Amino acid sequence: MWYRHRTPTILQWFYPSLTWHRSRSEKSIYLTFDDGPIPEITPMVLNTLKQYDVKATFFCVGDNAKKHPELLSKVIEAGHRIGNHTSQHLDGWKTELDSYVHNIESCDEQLDQIKGSELLPLFRPPYGKIGSRQINRVKHTHQIVMWDVLSGDFDQSLSPEKCLHNTIKATRSGSIVVFHDNVKAKENVIHALPRYIDHFRELGFEFKTL
């Protein structure tokens, strides 16, 4: 397994300008979904969140938003917040600075519903890979949001039960939790998401948007 379900503290310390979690003093959890919107899974995620009356934050790929504008509209109409995940899911470690920034700007154009918001637009780098020069450019126009809990739902060698167990175990007050609305994650998300919400609701946690 090449990833960790809980983000190492040293990474959070090394990049303090990035948002890794919210206040640890409140029993709140921040669900986020990366890579959509796509018809194969985003509607299922929306239905589950509606069933539990939970709001989340969706980091959308610009090309997917362009292909499925009706799904993007449904995400927004349901009261969820959206964020930028580049137009083409770029790896920041392999992308030249200007090209990376241009790809973010292109995604902003697709997510035109975020224009005019009083809040600084949200951006999450795909794979969590972003360099220092990219951070210095992007942080002036977007709040760069990482995470402290990675569900691993994209890992098809991980059983849905193990995905749920690992995600619950890694979560703390104020955690920003990553699930995915993409095809690879579908089986794990369908199983884990409602049970994850149930678990933390019973413990008195509240789910919030970023």
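Here are legends for four close-up views of this predicted model. Residues count from 1 along each chain as its sequence is written, and side-chain values rest on heavy atoms, with hydrogens and water left out. Local features need pLDDT of at least 70 and side-chain atom pairs count only at pLDDT 80 or more, while totals for chains, interfaces and linings use all residues.

**View 1. Helix 2 packs against helix 8.** Helix 2 (residues 42-51) and helix 8 (residues 186-202) sit at an angle of about 10°, axes 10 Å apart (helices are DSSP runs of H or I with at least four residues, strands E runs with at least two, numbered from the N terminus; axes are lines fitted to C-alpha atoms over the stretch in contact, with angles from 0 to 180 degrees between N-to-C directions). That makes helix 2 roughly parallel to helix 8, the label for angles under 35 degrees. Met44, Val45, Thr48 and Leu49 of helix 2 meet Lys186, Val189, Ile190, Leu193, Pro194 and Ile197 of helix 8, where contact means heavy atoms within 4.5 Å.

**View 2. The lining of the second largest pocket.** Leu46, Asn47, Leu49, Lys50, Asp53, Val54, Lys55, Lys74, Ala78 and His80 line this pocket (an open set of points on a 1 Å grid where a 1.4 Å probe fits, with protein on both sides within 12 Å along at least five of seven lines; lining residues have an atom within 4 Å of a point). Helix 2 gives the largest share of the lining, four residues.

**View 3. Phe179 and Tyr196, an edge-to-face pair.** The structure holds eight aromatic pairs, meaning Phe, Tyr or Trp rings (six-membered for Trp) with centres within 6.5 Å. In this one the centres are 5.8 Å apart and the planes at 75°, so it's edge-to-face, the class for planes over 60 degrees apart. Phe179 lies in strand 7 (residues 176-180) and Tyr196 in helix 8, so the pair ties together parts 17 residues apart in sequence.

**View 4. Backbone oddities at Pro37 and Asp53.** Most residues other than glycine have a negative phi, and most peptide bonds are trans. The Gly36 to Pro37 bond is cis, with omega near 0°; Pro37 lies in the loop between strand 1 (28-34) and helix 2. Asp53 has a positive phi, near 55°, in the loop between helix 2 and strand 2 (57-60).

How values were computed
Angles under 35 degrees count as roughly parallel, over 145 as roughly antiparallel, 65 to 115 as roughly perpendicular and the rest as oblique. Rings of Phe, Tyr and Trp (its six-membered ring) pair if their centres lie within 6.5 Å; planes under 30 degrees apart count as stacked, over 60 as edge-to-face and the rest as tilted.
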